[in-house]
Each structure stands twice: as structure tokens, then as C-alpha cells.
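Q: I am new to this structure and would like a close look at a single part of it. Please take one short helix, together with the strands around it, and go through it with care.

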Amino acid sequence: MTLQNKVILISILIFFAAMGGSTLVTTTYFADEYLAARKSEAFVIAQTLKTQLDRLIRMHIPLTELVGFEKLCQEAVSEHRVITFAMVVDLDGTILFHNDPALHGQKVRTASTLDALSAGVKRMQPAVINGEKYYEFFLPVSESGSQATAFIRIGFPRNHIAERTQRLALYSTCIAIAAFSIGCLLLVGMLKQWVGKPIARLTATITQIKEEGFIEPDRQVKVSSQDEMGHLAAAFNEMTDALQESTVSKAHVDYILEHMLNSLVITDSDGIIEFVNQETLNILGYRKDELVGKPFRTLLGPSDEWFEDTISGTSDSMKAIECFYRSKAGDTVPILFSSSPLPLKNNRAQGRICVAQDM
């Protein structure tokens with residue numbers, strides 16, 4: 001997984017954690033506040049009905065003889081869509097007035113409602129009516145001015161709060177997702193510009209140095225930013241400059257090897273020729289492609305056996321041994337031969353370097 005994808009994944013996890021926590025807190029707070037607002041509204045509506053009912057009572061008209069108050073109940077329901085029902089009930093639960101005139105004279109049989117009527121005080125409580133969940137509000141009405149003789153009772157469905165809360169959560173989520181999507185696009189663009197491109201330049205330079213095997217002069221990673229990526233590129237450039245000053249370039253080494261006055265042959269661990277310099281070709285009359293990839297014994301006569309230990313990769317260094325090379329034409333070339341194993345890798349010699357001076 002790329003660094004960019006990791007950053008985006010972390011951002012997504014942070015977003016969902018933040019959105020989940022924010023939505024939970026917001027919806028909980030909103031549900032409480034919205035319920036409190038609806039509670040206040042319901043009691044205001046109930047108080048309005050009570051005020052109008054008190055005005056009629058002060059005219060010394062008994063509640064049972066009042067006519068037309070159901071119209072005020074109907075207006076309360078029609079003008080406030082949150083309200084489902086509005087009524088006046090006596091202490092026995094008999095409906096005196098209702099926004100639905102068909103329910104006049106019926107009795108409320110819900111136990112929680114009867115308990116609220118018997119308490120005789122202002123109250124809000126949850127209730128279940130005909131299988132539906134409601135919040136119902138009770139406001140006492142007194143004919144004599146002291147003890148309650150009836151109640152204004154109004155209610156609205158509890159799922160109204162849940163619906164509004166869910167709607168708020170949906171709106172908040174949509175807005176958050178839209179903002180997060182825009183943020184992701186900006187994040188991807190900034191990561192590509194500030195992280196992706198500098199890393200790509202640095203990687204390309206490292207790969208090129210690895211393939212070439214040496215550091216060319218003025219090999220620099222061009223990153224102009226002053227952030228951590230800029231500091232990394234600057235440190236890399238300082239390192240390549242220091243390496244150039246303390247090491248010899250491959251081209252310089254190749255030039256030295258090619259122009260040695262003595263023959264130079266390098267073999268692998270199996271005695272296969274990997275490199276010959278120009279002096280070897282001059283002495284023996286071969287072309288380079290005629291020797292590279294061939295066994296070292298190609299340079300020797302059929303009766304020469306001294307080279308077996310030399311090319312096996314197990315012998316120690318050999319110094320100034322008088323022996324012979326065999327030219328391409330079959331001529332014997334007397335040489336002063338020296339050989340040394342190349343540095344070990346995995347406890348095994350990688351090959352040998354052989355130097356011969358034409359005698």
C-alpha cells in the first residue's frame with residue numbers, strides 16, 4: 001500500500017470516528033432540546049385552551065353545559081400539525097370536548113391517563129393509545145378556583161421526535177460526506193504535489209545510481225520545498241556529494257583497468273571469464289567477445305594444469321609464477337602470473353582476479 005493510500009485510509013477512519021461521535025452527540029442533544037421545545041409548545045397550546053375555557057367558566061356556565069368548545073380543540077390541532085389530539089376530560093376520564101366530535105362522551109381507559117387525572121396536577125408523560133406511542137400533556141381546569149374538576153389533554157406522537165432527529169442526522173451526514181469528499185480530493189492533490197512527486201524523484205535517482213553502479217557528477221534530487229521532504233532530498237544530495245568526493249567513479253576505474261600495462265582477467269567462481277582488458281587482447285590476439293563468457297582454460301595450453309586450483313575459487317593468492325598463456329594463433333606466451341580471490345560473499349569466493357606480465 002502506497003503512502004498516499006495509507007494517509008487516505010487513516011483520514012477515512014478518523015472521519016468515520018469523528019462523524020459517528022459527532023452524530024451521536026448532536027442527535028442526542030437535538031432530541032432532548034426538540035422534545036423540550038415541543039413540550040413547551042404543547043403546554044402553551046394547552047394553556048391557551050385553558051384560558052378560553054376559564055373565561056367561559058367565569059360566566060358560571062358548568063362544563064357539562066358548554067357548547068361549541070370542540071371547535072377550539074379542532075383549531076388547536078389544525079393550526080399545530082405536531083398536535084394529534086386535543087380534548088377536555090373530567091376526572092373520571094369522560095371526554096367532554098374533543099377535536100373529533102364522534103368521541104364526545106366516551107371514556108378514557110388508559111391506566112397511565114387515569115393516574116394523571118387522579119393526580120390533579122400539570123403533567124407530561126408517555127402513553128400508548130391504540131397501539132401508537134404518544135406524549136400526552138395534562139393541564140388542570142377548576143370551576144371553583146381551587147380543586148381541579150377537569151383537564152385539558154393534548155398529545156403528539158413520539159415518533160415525531162425520532163423522525164426529526166433522523167432527518168437531522170441524515171442532513172448532517174450528507175453535508176459531512178460532501179465536505180469529506182472535497183477534502184479527500186484536496187488531500188490527494190496535495191499528497192501528490194508535496195509527497196508523491198518528491199518521493200518519485202528521489203526513487204528515480206536512487207534507481208539510476210543503482211543501475212549505473214556509480215554517482216555521476218551533479219546527480220541531484222530537485223526538491224524545492226522546505227518541509228521534511230525537502231530536508232530529506234537535501235540530505236540525500238549532501239550524501240551523494242560526499243560520496244563523489246570520497247569514491248572513484250566507475251568510468252574512472254574502467255579506464256584504469258582497460259589501460260593497464262599488464263594483462264588483466266577476472267573470472268567468476270566457476271572459472272568463467274567476466275572481464276579482460278585491452279592488454280590481454282593485444283598479447284593473445286583475441287577480440288573481447290571471443291573471451292568473455294569462455295572458460296579461463298581457453299587462455300592455456302592443453303598440458304597446463306596449474307590453473308585448476310586457481311579457478312576453483314578455493315586456493316589462496318598466487319604471486320609471480322612463471323607460466324604460459326596460449327594465444328589465439330596457438331603461440332606460447334611466457335608470462336609472470338599472479339592471482340587473488342575476489343572478496344567473499346556468503347562465505348564463498350565470487351571469483352578471481354588474474355594479472356599477467358608478458359615476459
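A: What follows looks at one helix, then at the strands it packs against and at a pocket that some of them help to line.

This is a predicted model, in which local features need pLDDT of at least 70 and side-chain atom pairs count only at pLDDT 80 or more, while totals for chains, interfaces and linings use all residues. Residues are numbered from 1 along each chain as its sequence is written, and side-chain values use heavy atoms, with hydrogens and water left out.

The helix is α3, residues 111–119, and its buried residues are Thr113, Ala116 and Leu117; buried means under 20% relative accessible area, exposed over 50%, and partly exposed in between, with a 1.4 Å probe and protein chains only. Because these buried residues cover an arc of only 100 degrees around the axis, they lie on the same side of α3, the arc being that of the directions from the helix axis to the C-beta atoms. An α-helix has 3.6 residues a turn, so residues three or four places apart point the same way. On the other side of α3, Ala111 and Ser118 are exposed. Helices (H or I, at least four residues) and strands (E, at least two) are DSSP runs, numbered from the N terminus. After α3 comes glycine 120, whose phi is positive, near 75 degrees.

The buried residues of α3 pack against four strands, namely β1 (85–90), β3 (123–129), β4 (132–141) and β5 (150–157), where contact means heavy atoms within 4.5 Å. Of these strands, β5 has 7 of its 8 residues buried, so it is largely enclosed by the rest of the structure. β5 pairs with β1 in the antiparallel sense over 6 bridges, and alanine 86 stands opposite isoleucine 154 in β5. β5 also runs antiparallel to β4, to which 8 bridges join it, and here leucine 139 stands opposite isoleucine 152. Two strands pair if DSSP finds at least two bridges between them.

β1 and β4, along with β2 (95–98), each supply at least two residues of the lining of the largest pocket. Among the 17 residues that line this pocket, the closest to its centre are Met87, Leu103, Ile129, Asn130 and Arg153. On a 1 Å grid over the protein atoms alone, a pocket is an open set of points where a 1.4 Å probe fits, with protein on both sides within 12 Å along at least five of seven lines, and lining residues have an atom within 4 Å of a point.
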